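Good morning, and thank you for coming. Please look at the sequence and the structure as they appear, and I shall then take you through them.

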Protein chains: 2
Amino acid sequence: MTLKTPKKSHHHGDLRNALIKAGIEILEEGGIDALSLRKCAARAGVSHAAPAHHFDGLPGLKGAIASEAFAVFSRHMLEAAQSEGDSPQARLKGICRGYVQFGLAHRALLDTIFGIDMSDLRREPIEHDDSSAYQILRDACAPFVPDGTQPEVVEFQVWSLIHGYTMLFVRGHLGEIMPTDVTDGPFEEVMALLDRVGTAPKS
Amino acid sequence: MTLKTPKKSHHHGDLRNALIKAGIEILEEGGIDALSLRKCAARAGVSHAAPAHHFDGLPGLKGAIASEAFAVFSRHMLEAAQSEGDSPQARLKGICRGYVQFGLAHRALLDTIFGIDMSDLRREPIEHDDSSAYQILRDACAPFVPDGTQPEVVEFQVWSLIHGYTMLFVRGHLGEIMPTDVTDGPFEEVMALLDRVGTAPKS
DNA sequence: TGGCGCAACTTGACACTGTCAACTTGACGC
DNA sequence: GCGTCAAGTTGACAGTGTCAAGTTGCGCCA
């Protein structure tokens, strides 16, 4: 009759994932400043110093949360890619719209993902598998790569444009009002630049 | 013979500016996480609770520092605008290069400026005068605004592109190595998109 | 001139945070 | 049975923001 928990190796069993899950909940509820090791520990039902055995301090926990949040972000992107239509143009635009929508709906997660400094050795590496948001964006950019140019260039152009727009927009830097929806900002107008993506000479 | 200090109304005289200056020093030395009210107070030579009388908590101090950092940023942009050449294209590109260079040289200041949430009522407002970075960017974009389109659109396109590129680049999200100079990344290739700025139809 | 008022700070306390050393617990191999 | 070791606990410490209460010194008005 020991089938109460599916796996219980030592004490908690899966504390690491429990802490990450608790951290995401805290982030969604209270924003990036609300996250702390002790609150994660309390929510996971363990002592305040337990997280130190799984992560290297708060930066380590943030890195692990960023990896998980990035997976959520990637799934969101995948759905967004199909939401706008089937053409390459529609697919790319859907991804960009999904980027902004994710930023509005999960600001703290976006802050966590892109607040990561890649030079911080205490972070957990964010994995770039084939279903990652990076790969989804790269695939969506592929039809727009002119012959003879590096595919990364188009990807970086699009990524810079939508990332900058999202960051400025969700923090209210682009307009007078604080946005609650993509339609509150000049999304369509700015994304018109997507039609001119690529590095081929002007005319 | 009371001309030792230009103005000394009560005790310190100019504590508010002294705290902002101390905060910028701390930011430049230790990054955004190093900033605290108590360290600013200590560096300014006042008691730990003194900042509360000039700013509404840490967000308030960060807002005030952001305003000052934005002025520094604006001066940097003004110089950068003239560094690349006299043509409108060169001017705009110089601004963008200056954006990235400022981000590399003063990361914590950029984090402070653009970490501000405009919905946070505790912040100090960032002033938009005629010499602000926003206005400099707007002026540089003016030659590229097609007839019959709103000037803000081009500005937002350029701003989104360079802001996103800078944020991703300085945190090392765009490449394997951690950048120390603009030439460490695909700046030229991404900025090729600037030649296609504007909202007129494709051909 | 004298005292009143108030802004500009100080002082002390509190709860919360990350971090560390020392300790306990329980699973596993032999 | 016993040692070993990972996993987690406990208690302490310095640093943090914030609040209430006290102090100080300048300006103003009678």
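**Two chains and two DNA strands**

Of the 23 residues around DNA strand C, those that come nearest are L37(A), R38(A), S47(B), H53(B) and H54(B); a residue is near a strand if one of its heavy atoms lies within 4 Å of it. Before going further, I should say that this is a predicted model, in which local features need pLDDT of at least 70 and side-chain atom pairs count only at pLDDT 80 or more, while totals for chains, interfaces and linings use all residues. Residues are numbered from 1 along each chain as its sequence is written, chains are lettered from A and ligands numbered from 1 in the order in which they are written, and side-chain values use heavy atoms, with hydrogens and water left out.

Let us stay with strand C. Of its atoms within 4 Å of the protein, 50% belong to sugar or phosphate and the rest to bases. Which polar contacts are found here, a polar contact being a pair of N or O atoms within 3.5 Å? A polar side-chain atom of R38(A) lies 2.5 Å from a base nitrogen of DNA strand C, and one of H53(B) lies 3.3 Å from a base nitrogen of that strand. On the phosphate side, a polar side-chain atom of S36(A) is 3.4 Å from a phosphate oxygen of DNA strand C. Two elements give two or more residues to this surface, namely α2 (37-44) and α3 (57-83) of chain A. Here helices are DSSP runs of H or I with at least four residues, numbered from the N terminus. With three residues, α2(A) gives the most to the surface near DNA strand C.

I turn to DNA strand D. Around DNA strand D there are 22 residues, of which S47(A), H53(A), H54(A), L37(B) and R38(B) come nearest. Sugar and phosphate make up 50% of the atoms of DNA strand D that come within 4 Å of the protein. A backbone N or O atom of S47(A) lies 2.5 Å from a phosphate oxygen of DNA strand D, and a backbone N or O atom of L37(B) lies 2.8 Å from a phosphate oxygen of the strand. H48(A) has a polar side-chain atom 2.9 Å from a base oxygen of DNA strand D. The largest share of the surface near DNA strand D, three residues, comes from α2(B).

How are the two chains related? Chain A can be laid on chain B with an RMSD of 0.0 Å by a turn of 180° and a shift of 0.0 Å along the axis, the superposition being by least squares on the C-alpha atoms of residues with pLDDT of at least 70 in both. The two copies are therefore related as by a two-fold rotation axis. In chain A, the C-alpha nearest the axis belongs to G164(A), 1.7 Å from it.

Finally, the salt bridges, each a side-chain nitrogen of Lys or Arg within 4 Å of a carboxyl oxygen of Asp or Glu. The count comes to 20 over all chains. D117(B) forms one with R107(A), the closest N and O atoms being 2.4 Å apart. This pair crosses between chains, from the loop between α5 (107-115) and α6 (133-141) of chain B to helix α5 of chain A. Another joins R138(A) and E155(A) at 2.8 Å, N to O. R138(A) lies in helix α6 and E155(A) in helix α7 of chain A, so the pair ties together parts that are 17 residues apart in sequence.

Technical notes: Polar contact = N/O pair within 3.5 Å; in protein donor to acceptor, adjacent residues only side chain to side chain.
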